[in-house]
Amino acid sequence: MSLFKARDWWALTLGEGEEFDQGCLCVGDVDNSGSGYDKIVVGSFMGMLRIFSPHPAKPDELTEADAQLLEVQFPEPVIQVELGKFVSCSELLHLAVLHPRKLSVYAVSGTAGNVEHGDQYQLRLVYEHNLQRTACNMTYGPFGGVTGHHFICIQSMDGMLMFFEQESYGFGRFLPGFLLPGPLSYCIRTDSFITVSSSRQVECYRYETLAVATDADTRQDSDQQSKSSGKRLTADWTLVLGEEALDICVPNTSPVMSSIFVLGERNLFCLKDNGQIRFMKKLEFNPSCFLPYASVSEGSTNVLMCNHNNMLLVYQDMTLKWAAQLSCVPVTVRVANFPELKGLVVTLSSDGRLQCSYMGTDPSFFTAPKVEAREVNYDEVDTEMKVLQKVIREATRTQDILPRAETEEELSLTAVVSSKLDEVSCAVMAEMNGMPVPSVTVQVKIRSRTAVQSPKMTVCVQPPLAVTQDQFVLDSMGSGCESVVRFSAFLNGLYPPADMSGDIAVSYSSATGIPRVSQCRFVLPLRLVCCPSSAIKNGKYKITMDTNKPPVNLSDVFPDFSEKSENNDSSALGFQLITGSRVIVLASKTSQRYRIQSESFEDMWLVAKELVQRFDRHFASLGVKDFRNSFTGPVPLPEYFETVDHHFELRVNAQKYQDLLSERAVQFRAIQRRLLTRFKDKTPGPLQNLDTLMEGTYRQVIALADAAEDNRERLIQAFVRLRSATHLLILLLSLWQGLSSEQTAILEATLLPLLQDTPQLGWEESVDAAVSHLLKTCLSRSPKDQAISLSSGPLSIPKDTSRLKKHITLLCDRLGKGGRLSLSSEANVPTTVMMPAGCESIPEPIVEQEEEAPLQQDSAKFIKKKQPSKRVKSKSDSSKESSKEKKEKDSGKDSTKETKKDSGKEKESKVSKRESTKESSKDKESTKEKDSAKESGKEKTKVSRKSSVKVKEKKSEAGDG
């Protein structure tokens with residue numbers, strides 16, 4: 001290890017492909033922690049702002065994550081960053097960030113964290129100034145002798161100095177004889193600005209002179225400026241350098257020794273405050289940056305200088321004291337103090353290499369160990385490779401935003417629903433519709449694996465279901481402890497629920513103070529909302545379900561309902577909903593079908609769901625593995641749309657009531673103001689029936705409010721009924737097409753996106769947007785029809801439900817034709833599905849734009865390639881033929897060829913006269929256009945001599961071939 005080599009205490013490479021320059025680095029206590037230690041602030045031309053708090057690396061520690069306090073992406077490049085007292089009402093340090101057209105001042109604050117994630121830092125914008133001119137660099141200081149605050153001066157690319165007195169813009173002045181911007185610095189001792197002009201001379205301008213000079217509304221020449229109002233801007237002193245300057249620095253190290261350092265391309269200049277040269281050092285290398293700092297010896301100043309030979313040089317005035325080798329060429333250098341070490345040299349290169357180094361004699365005794373060759377066990381390598389590939393596949397298959405939960409949680413929940421109803425019901429309403437309202441007890445066991453603090457349990461069920469207590473505050477639990485909580489659930493509304501499940505969540509804090517949540521779900525029994533009744537074999541709404549096994553005794557499937565049933569018929573079973581209609585289940589004695597019927601369409605949902613689940617459990621207990629439920633259709637869309645229209649009508653009424661209430665409220669307040677004016681008048685006058693009008697308006701407001709409240713209650717009930725009907729439709733569609741659990745989940749998320757209606761977002765517009773998304777992506781006609789970019793405009797309540805009905809009908813038809821629901825971007829290829837007997841496809845409304853593509857494809861089959869003159873003919877003929885053939889088609893594209901062959905002769909005999917005249921004229925045009933083509937020469941003579949009927953036959957043969 002060389003003695004003259006800078007030792008890396010902490011190093012990091014910032015980003016990839018980012019660029020940095022002289023003003024992109026500053027150090028200081030940016031978060032005002034008061035510890036006396038510095039943080040590193042780095043900005044880049046790519047708009048990235050990073051803040052670091054370095055510390056030495058340990059052998060088994062990654063320093064990049066915890067050393068970086070903050071990283072922010074700005075839309076504009078960062079030219080320069082500075083720390084100072086830039087806010088008028090605060091003496092804390094703030095961060096000034098200079099962009100090409102903007103100056104922003106931020107406050108950096110840190111919040112101590114009590115978890116393992118560490119502290120949190122935030123960047124808050126205090127104020128910003130939009131610049132009218134493109135900025136080059138800036139400097140700051142107590143301009144004009146102010147105390148406790150700093151002003152900012154920005155130099156633009158066209159030579160204007162813009163002064164900002166913190167939150168307000170001060171003034172602007174153009175530098176005389178300006179060509180290109182140079183380095184800029186502020187001298188607090190003389191209250192002046194030092195820069196190097198394009199004439200290669202140092203110029204000094206006092207702040208007082210700049211303030212009283214001519215205002216810089218527009219750039220003026222020296223002659224014009226002398227003629228205008230105000231004093232002419234002149235430099236306080238100048239000094240010719242004879243070379244370009246890289247940087248200017250005015251250190252405030254000693255009140256006795258005042259110096260101004262200017263780094264040139266070949267020389268280092270040290271000037272006095274009046275512009276006289278104190279000394280000049282000729283350099284034998286190309287410098288890149290420098291930094292003067294306080295020296296130990298009195299009356300001298302140390303200078304850190306970096307060059308393009310990767311060297312870090314330390315000068316005391318003109319004497320070289322130390323030289324150290326660096327790993328890169330820095331563009332800026334600073335000195336900072338950190339907790340473990342003070343006086344570290346911080347360097348930043350143009351490609352983003354950030355280093356904290358020191359110059360010392362710390363030796364390294366590391367020697368590389370000898371590599372011992374060992375034999376490779378290929379079986380173990382293959383086994384390990386298979387395990388890793390499995391892990392990779394699992395990780396890529398489940399692209400979750402949130403991380404997966406641990407396999408063994410700190411707190412486990414188990415919910416057990418009692419198999420029997422409570423002997424004494426805990427329901428709020430003891431009776432509904434003349435029937436008692438039962439309740440059922442749910443027992444929750446909470447077991448802790450480790451110590452947990454302040455657990456709180458929350459129970460949630462969907463209305464109209466309710467629980468006796470939904471919030472529980474538990475005592476802190478130790479490791480291995482168990483706690484039991486009981487509550488009862490019951491029906492608390494005059495309408496049947498759409499979901500019999502409930503959720504339990506326990507929030508707690510771990511032993512280290514980390515907040516966590518454990519969840520579980522329970523399902524309430526059907527006996528809670530209905531009771532056995534007699535089976536009346538008639539109903540307005542009916543659905544039929546098929547199975548692939550012989551019919552079973554319904555009493556064996558529903559033992560809890562058959563015991564108290566009034567009839568002993570095992571092929572019929574009645575369910576009387578406490579707050580709904582009666583639902584009948586009939587089993588066929590000769591076939592494998594089961595019929596569910598009721599006077600209400602949505603009331604069949606709970607019974608149908610229970611029937612499917614109990615069938616699965618019943619046949620699974622018998623050891624039957626190939627049991628399958630199915631639905632043969634047709635899909636009850638008209639009945640479903642009745643529920644949709646009723647819900648939408650109530651939503652429209654709610655909006656009307658809201659508008660009427662607003663109008664009456666405005667009228668009521670206007671009458672109140674009139675009456676108040678009359679009452680305050682000193683000379684009493686007649687009220688002109690304002691009191692009568694006010695009383696009538698008040699009654700109207702109360703009546704409208706009551707009507708709106710009643711409509712709101714009915715809307716809540718209608719939405720629950722709509723959810724039940726939608727659940728039933730999803731169940732029938734999944735049984736109809738045999739959808740998998742993933743596809744059923746996608747369909748459920750599409751048709752049930754909301755748990756409740758809100759005035760801002762309703763069910764109709766949400767479902768319409770979701771269904772339209774599926775129709776444009778995975779359920780499109782072909783991969784070419786899939787939408788590349790989907791419009792995402794604001795959702796609002798539609799005018800009617802016709803568009804929604806059309807899209808839902810189209811969704812069912814696409815599913816019936818073999819569409820596959822998928823969230824991936826793969827093209828959907830419809831698979832041929834065998835339609836069950838008695839199941840008819842839903843007629844799909846076809847838009848003209850969707851109709852053109854398949855028509856062109858069909859017509860292209862009868863046209864030979866490389867015949868551009870017949871394209872017009874093919875489109876017209878194909879449109880005529882397709883319009884006539886659509887009447888004769890029964891289903892799909894597969895039957896088009898057969899219908900054309902069978903009906904071709906009949907059509908040709910009817911329209912041969914009309915088409916022969918049109919086609920002969922078009923054939924003549926085509927022969928004229930194809931005289932120059934060699935490939936179609938023989939075809940021209942054949943086409944011109946044949947009749948229209950023979951031309952069509954040849955085209956069909958060519959298309960088939």
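**Close-up 1. A negative surface patch around helix 4.** In this predicted model, the residues D379, E380, D382 and E384 form a negative patch on the surface. One of them, E380, belongs to helix 4, which spans residues 378-397, and its relative accessible area of 54% makes E380 exposed.

**Close-up 2. A nonpolar surface patch.** V376, Y378 and V381 together make a nonpolar patch of about 320 Å² on the surface. Within this group, Y378 is placed in helix 4 and counts as exposed, with a relative accessibility of 61%.

**Close-up 3. A buried threonine in helix 9.** T697 sits in helix 9, residues 690-737, where T697 is buried at a relative accessible area of 1%. Leaving aside residues up to four places away in sequence, T697 touches R664, Q667, F668 and I671.

**Close-up 4. A salt bridge between two loops.** D273 and R189 meet through their side chains in a salt bridge, at 3.0 Å from N to O. Because D273 lies in the loop between strand 20 and strand 21, and R189 in the loop between strand 14 and strand 15, the pair ties together parts that are 84 residues apart in sequence. D273 is buried, with a relative accessible area of 18%, whereas R189 counts as partly exposed at 29% relative accessibility.

**Close-up 5. A salt bridge between two strands.** D503 forms a salt bridge with R521, and their closest N and O atoms are 2.8 Å apart. The pair links distant parts of the chain, with D503 in strand 37 and R521 in strand 38, 18 residues apart. D503 is partly exposed, with a relative accessible area of 31%, while R521 is exposed at 53%.

Key. Residues numbered from 1 in each chain as written. Predicted model: local features only at pLDDT ≥ 70, side-chain atom pairs only at ≥ 80, totals over all residues. Heavy atoms only, no water. Patch = residues over 30% accessible without salt bridge, like charges linked within 9 Å, V, L, I, M, F, W, Y side chains within 5 Å. Areas by Shrake-Rupley, 256 points an atom, 1.4 Å probe, with all protein chains shown as cover. Salt bridge = Lys/Arg side-chain N within 4 Å of Asp/Glu carboxyl O. Lys, Arg positive; Asp, Glu negative; His and termini not counted. Charge placed at Lys NZ, Arg CZ, Asp CG, Glu CD. Helix = DSSP H or I, 4+ residues; strand = E, 2+ residues; numbered from the N terminus. Buried < 20%, exposed > 50% of the residue type's maximum accessible area, 1.4 Å probe, protein only. Contact = heavy atoms within 4.5 Å.
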